[in-house]
Amino acid sequence: MSQPRPSLTTALLLTLSLLLLTSTTSNAHNITRILAKHPSFSTFNHYLTVTHLAAEINRRQTITVLALDNAAMSSLLSKGLSVYTLRNVLSLHVLVDYFGAKKLHQITDGSTLTSSMFQATGAAAGTSGYVNITDLKGGKVAFGAEDNDGKLDAMYVKSLEEIPYNISILQISEALNSAEAEAPTAAPSLNLTEIMSKQGCKAFTDLLKASGAQSTFEETVDGGLTVFCPTDPIIKGFMPKYKNLTAAQKVSLLLYHGVPVYQSLQMLKSNNGIMNTLATDGANKYDFTVQDDGEDIKLETKVVTATITGTVKDEEPLVVYKIDKVLLPRELFKGAPEPESAPAPKSAKKKTTKKGKEEADAPEADAPTDDYSEDATADDDNNGVSKMEGGRLVMALMSLCLGVVLFI
């Protein structure tokens, strides 16, 4: 009895399944890179970075950015707002929902209120962080802050980029006016040593204070700071080595645990590579490599590899992580020892025979040859075998595919 033949549809489904299994998709976006393609929005792009909003936008899965061109930003900056107040104003222009150009004209009842990042972060009182979007006659769409007495300040200009339903960047004609967002905002109070002392990093904090490195960390916080803190038991075990360092070396070691930019866990995972530290200067690199290892994030210094074990504080512009080892810079500590080479063969010993002639004993081990032609030939042979095997594998797969098609 003959076996039933699989249908063409079944074969196609199997093929599609294999393609899906071997492909990967990503919803990640980078607002800075997207806006970099549009020079007329360079000022807006710059201040998204300065206010640390760019990192927050990249972290969110569904977002709409109401972008302002350089002329509109010039008008906003003329108000002389502080960086912290400007952050509130710009966060009002980041909607925590997706609005593409098409959706703007499909709003139910022609008008809707949507939450902005200013409202979502709890910085706005009541409904002042909401934005009104109204579909007007003639295909025009207007935007206005809810706390602006119902006034619609800005008009939709065009769509810059859309990645449904991940991120949409829409140009509007001018900045949204909001008394709540423009209210003077004091700089956030972030007592670094107090935060760390209460979360298992007291020993590291004490070293910062005693060495004088504390001031460098505190002066860097406002512009963005990431701290990698060895926990108290780790510092206790390291103290014998620490005491052997000079005062300058102690400062360098401690500064090596700080990075002068805010780096969330997600940013560390997506930005694997070399990281400069507070100890980096023109003469010495004092850097380490961030490596995403599955669920773990490793910090590799070429002397030691540490793992992030927890988060002490994550509030822009400051983030503090716990790590399981003290980071040892190669500028102060020797790296891992190089593999020892094979011992050189002992030289041949000479002995005198009864006839008075000197004869050489055979070496105790065969002396290595400087001629690597045989090794090279072996490698070439191995490569040739590998290529032959690869070719046979490809031919076998092609034959298999042909057989499946003929079978169908």
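Two strands pair if DSSP finds at least two bridges between them. The model analysed here is predicted, and strand β7 serves as the starting point for its description.

Strand β7 spans residues 167-172. Five bridges join it to strand β1 (residues 63-67), and the two strands run parallel. Within this pairing, L66 stands opposite L170 of β7. Strand β6 (residues 154-163) is also joined to β7, here by six bridges and in antiparallel orientation. S159 stands opposite L170 in that pairing. β6 and β7 form a hairpin, with three residues between the strands.

The burial of β7 was examined next. Six of the six residues of β7 are buried, so the strand is largely enclosed by the rest of the structure. Both of its faces are covered. One side carries I167, I169 and Q171, and these are buried. The other side carries S168, L170 and I172, which are buried as well.

The structure also holds one disulfide. It is formed by C201 and C229, whose sulfur atoms lie 2.1 Å apart. The angle about the S-S bond is -135°, and the link is left-handed. C201 lies in the loop between α9 (192-197) and α10 (202-211), while C229 belongs to strand β8 (residues 225-230), so the disulfide ties together parts that are 28 residues apart in sequence. C201 and C229 are both buried. A disulfide is a covalent bond between the sulfur atoms of two cysteines.

Methods. Residues are numbered from 1 along each chain as its sequence is written. This is a predicted model: local features need pLDDT of at least 70, side-chain atom pairs count only at pLDDT 80 or more; totals for chains, interfaces and linings use all residues. Side-chain values use heavy atoms; hydrogens and water are left out. A disulfide is a pair of cysteine sulfur atoms within 2.5 Å. Helices (H or I, at least four residues) and strands (E, at least two) are DSSP runs, numbered from the N terminus. Buried means under 20% relative accessible area, exposed over 50%, partly exposed in between (1.4 Å probe, protein chains only).
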